[in-house]
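Morning, everyone. Let me put one model on the screen and walk you through it.

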Amino acid sequence: MDMATCLKSLLLAIQQYRCGRTAQNTAQLLKQVEEVSGLKCDQLLSSGQALPRECVSGLVELAGNPNTSPTLTSSTISLLAQLACDDDNREILHSSYNLTSTLASVIHCHSATPGEPVVLQCLQVLQKLTYNTRVFQSTNYIHELITFLMTNIQSHNDDIIMPCLGLMANLCRDNHSVQSHIKSLDNVKPFYRTLINFLAHNSLTVVVFTLSILASLTLSEKVGEKLFDATNIHQTFQLVFNILVNGDGTLTRKYSVDLLVDLLKNPKIADHLTRYQHFSACVSQVLGLLQSKDPDSAVKVLELLLAMCSVSGLRSLLCEVVFRPAAPKLRAAGRRQGAGPDGGRKAESGLALVQWLSSPVEGAESCSLQALQLLNELLEEALGAECVSDCVLSFVEMLLPVLLGLLRGLDAAQRDAHLRKHCHRITHVTSLLLNILHLPA
């Protein structure tokens, strides 16, 4: 069946279930939820149509109703998780449908039995839903959720500790109201002690979640001053860069980047990074991650490099790494990561940036724009020097044909969204070209 027919059947099944929670109505609704789950739903929420809105409202209501059967609740939450497939949809589910409050209420209902599958399911969806999203402490059931998270982070249930840490990291990040609430609680000191003990955990994901929470809560307090002081900060840099390069997949990498970006906002820590002796080697390995074809990973790496550009003492160091020929140490690291032997490779470290900036506007447009912004920042620094190095000139010579090629290929027959993305990229390309044209003769 097509999407419209499936949604009509789903809405009818929801209405029938509201009228009578019989076994037949439950089975019919479960069947319709599973049928919609089998379809591609990525544009469903952003379509603006009434039918999808009514269906999603009905699903959220079902998920939050304690009288809904456990099997139906689980299937409904799975479908809602499937709808939260990108940033726009997550924001719609959070702000327009109050899904965050609904899932927090489900967890609260089952707080006495945290090992139930539906609790873990809600935690996983909430972690996805609240990533890079501000959740106010006035939101329904957020206080109860925070209490649940703190209690279970201090438990001995390994299955639930990691999703609780990830969700807590989301709630705390850039969120002063949630941070203030946690700091006001009587049990915050034992909570800090538990977090500090997690820094020795054998899971890199647990370590980065923990560091993120500690940075959010303690950076301006005595606890944080000790954790991130001049004695420990270089060890922290090494740990986070190691997690970023060798971590357990894209999720860990995302949180590692976010942590470094947050630490760079602290002037003292940013200054320490400018004097970190392994900075160039670490950045070389981070640039190596751009060799992958994963846009989700690349977009976070580029976000980190752009954040580093905002620190004046790091821009020149970044230029040295990006525009020089690849160092032997970086090639060795590439072999360890399974890239194959590449001894004798003379390609510049910035070549991966050029590959991403010329990626198609559909699908990886964020990477393309970030790569253009980064090269704009770095070339402004490098070309503004009293003496422009041969490596920089060689890089510009390689870059120019690529940029000129991006100015071509506008197809007026394409739909408006594609044309807007293409024109947006052309704006960044022309800005970069103007930067290059200021190169002294």
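I'll start with the whole chain and then turn to one helix.

This is a predicted model, so to speak plainly about limits: local features need pLDDT of at least 70, side-chain atom pairs count only at pLDDT 80 or more, and totals for chains, interfaces and linings use all residues. Residues are numbered from 1 along each chain as its sequence is written, and side-chain values use heavy atoms, with hydrogens and water left out.

The protein chain has 24 helices and zero strands. Helices are DSSP runs of H or I, at least four residues; strands are runs of E, at least two; both are numbered from the N terminus. Of its 441 residues, 49% count as buried, meaning under 20% relative accessible area with a 1.4 Å probe, protein chains only; exposed is over 50%, and partly exposed is in between. Take contacts, heavy atoms within 4.5 Å, at a separation of 6 or more: residues 24 or more positions apart account for 71% of them.

Now helix α1, residues 3-19. It has 17 residues and reaches 24 Å from first C-alpha to last. That is close to the expected 24 Å, which is 1.5 Å times one less than the number of residues.

Which residues of α1 are buried? Cys 6, Leu 7, Leu 10, Leu 11, Ala 13, Ile 14 and Tyr 17. Down the axis they fall within an arc of 165 degrees, so they line one face of the helix. The arc is taken over directions from the helix axis to the C-beta atoms. On the other side, Lys 8 and Cys 19 are exposed. The buried residues pack against α2 (23-37), α3 (50-64) and α4 (70-83).
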